[in-house]
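Welcome! Here is a short briefing on side-chain contacts, meant for someone meeting this structure for the first time.

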Amino acid sequence: MPDHRSTTALTAPDLIAGADLARPLDALFINAPLRDYGLRPRTNDYTLPVIGMAYIATYAQAQGFNVGILDAEAHGLGVQATIETVNAARPRWAGMNLLAPTYELSARIAAGLDESIALMVGGHHAKAMPTRILADPRMVRLQALVIGEAESRVAALLGDGARRAELPGVMWRDRLLGTTATGIALPGQGGSWLSPDIDALPFVDRAFLPQDPYLTSGGRWKANMVGARGCPYECAFCGAAASVNPDVKIRTRTPGNIISEMNELHGRYDVTAFRFVDDLFLGAHRIIASMMEAFSAHHVGERFVWDATGRINVIARESDAMLDTLVANGLNEVALGVESGSDRVLASMDKRITAEMTLAVARRLLERGISVKGYFILGFPGEEPEDMAATVRHIRHLWELADRLPGSFRASVFEFRPYPGTPVWNDLVKAGHAPEAMLDYNDVDLTEHGANESMRARDEFNFSVGIPFAGTGLAELRATLSTLTREQHARTTEGVSA
């Protein structure tokens, strides 16, 4: 029988996913909450699963370690509840993925851990600002800061923490001497630590993910998957941009490996819908061609439907025959980084697309019944009021286009916020913006603009550093964001583009 997830209330031990709590816990990996829900309850019902953390936990488990994941965001835990849950579990190690908007909450959790628990951290923020994090007095129990893909190095640390000296990309701080050290790989071993063979990794054990697979409103069980690692593109606002990740080797899983995981998830959980969350599944012709050849051979479209992230400039070059093949193989929705309706802003973002290209690609997808989700950014540095107005018009054009065609279009709009380790962050620092000010993330309450129920599923995304980087004031920007969000919510709930 499929092991479907219960929707009943969880007891405290059930908050820890995937571990055998009857045995000593080698490690507990913590996904910090996006807000302190001890002060205000969470309002969104679902957050993306921490697949990267689950890969680490699954690998460690396969190496014989007893590990679990505490997804404080998924469970809506506050800071103090998270600290108490970790300390009660008494793991040898606690691990955290650090993100810029939630770093302060993560640091508060780290400071509250029992002194017997060693701490390791990773994630985008750890990679972008390792020295700052190692010097933070709240990170006094930090024994290893792991930069990059961490599966094999985390397992090595769990086996013998003293091995950090031979693990490349692992940093730590000598608190007595005030110095920072970095591990150095033994001769010939660097690559195996930093770029694991992703086809050789075990499939993610969904026992570590409390919200995946999940039941969609359409009645299908759906699971999130990763098809590739790394990105060759240079979007200025993205921490995955190739220029700021020279250490990341771009690798794609083989089609057979991906199809095997799909089949396993179907057999175990009755999953018939999938979402590929990485940047490359529909981001390079060679990958699309090889995947679709295998999907056709294995009759994937007769059994499953799937969504994926795509690149507009790549899809623009694909033939009509390939788009028809995507439909036949089960493609349901493509998420596209449209970002702006202004070609000037798109050029400054280094998106390598135009607004007209977006419309052409959307039309080709929508007329085949493939739905499109478009991501947009308001307030990018250098954006002027006329640029933002062009983005609003662009969204409305896409809605109107979808109204005439079989596919649907959803607009997901965000306020720009800078992240350390991105190309635009470096540009803003050079322009005189203080890093401290750009790290002062705060949640934004948009209810004054009438965005109440319409923001329910987006509560986790409303963060800002309170700095107007564009020519439009923040009040006008947020009013525009709220208007677009309310309109999209109405279209979805009323079935205009559902």
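**Charged and aromatic contacts**

Asp 320 is partly exposed, with 43% relative accessible area. Please keep in mind that this is a predicted model. Across the whole structure, a search finds 26 salt bridges and 11 aromatic pairs. The points below walk you through some of them.

**A salt bridge and the network around it**

- Asp 320 forms a salt bridge with Arg 364, at 2.8 Å from N to O.
- This pair links distant parts of the chain, with Asp 320 in helix 13 (residues 320-328) and Arg 364 in helix 15 (residues 355-366), 44 residues apart.
- While Asp 320 is partly exposed, Arg 364 is buried, at 17% relative accessible area.
- Arg 352 and Asp 350 form a salt bridge too, their closest N and O atoms being 3.5 Å apart.
- Arg 352 counts as partly exposed at 46% relative accessibility, and Asp 350 counts as partly exposed at 31%.
- Shared salt-bridge partners join Asp 320 and Arg 364 with Asp 324, Glu 367 and Arg 368 in one network.

**A salt bridge between two strands**

- Lys 222 and Asp 307 meet through their side chains in a salt bridge of 2.5 Å, N to O.
- Lys 222 belongs to strand 10 (residues 221-225) and Asp 307 to strand 14 (residues 305-310), so this salt bridge ties together parts that are 85 residues apart in sequence.
- Are these two partners buried or exposed? Lys 222 counts as buried at 12% relative accessibility, and Asp 307 counts as buried at 8%.

**Aromatic rings**

- Which rings make up the cluster linked by ring pairs? The members are Phe 276, Phe 281, Phe 295 and Trp 306.
- Within the aromatic pairs, Phe 276 and Phe 281 are stacked, with 3.9 Å from centre to centre and 5° between the planes.
- Phe 276 is buried at 1% relative accessible area, and Phe 281 is buried at 2%.
- Phe 281 also pairs edge-to-face with Trp 306, at 5.5 Å centre to centre and 80° between the planes.
- That edge-to-face pair links distant parts of the chain: Phe 281 is in the loop between strand 13 (271-276) and helix 10 (285-297), and Trp 306 is in strand 14, 25 residues away.
- Both Phe 281 and Trp 306 are buried.

**Charges over rings**

- Arg 35 has its charged end over the ring of Phe 463, 5.2 Å from the ring's centre.
- Arg 229 lies over the face of Tyr 55, 5.0 Å from the ring centre.

Terms used:
Residues numbered from 1 in each chain as written. Predicted model: local features only at pLDDT ≥ 70, side-chain atom pairs only at ≥ 80, totals over all residues. Heavy atoms only, no water. Salt bridge = Lys/Arg side-chain N within 4 Å of Asp/Glu carboxyl O. Helix = DSSP H or I, 4+ residues; strand = E, 2+ residues; numbered from the N terminus. Buried < 20%, exposed > 50% of the residue type's maximum accessible area, 1.4 Å probe, protein only. Phe/Tyr/Trp six-rings, centres within 6.5 Å; stacked < 30°, edge-to-face > 60°. Lys NZ or Arg CZ within 6 Å of the ring centre and 35° of its normal.
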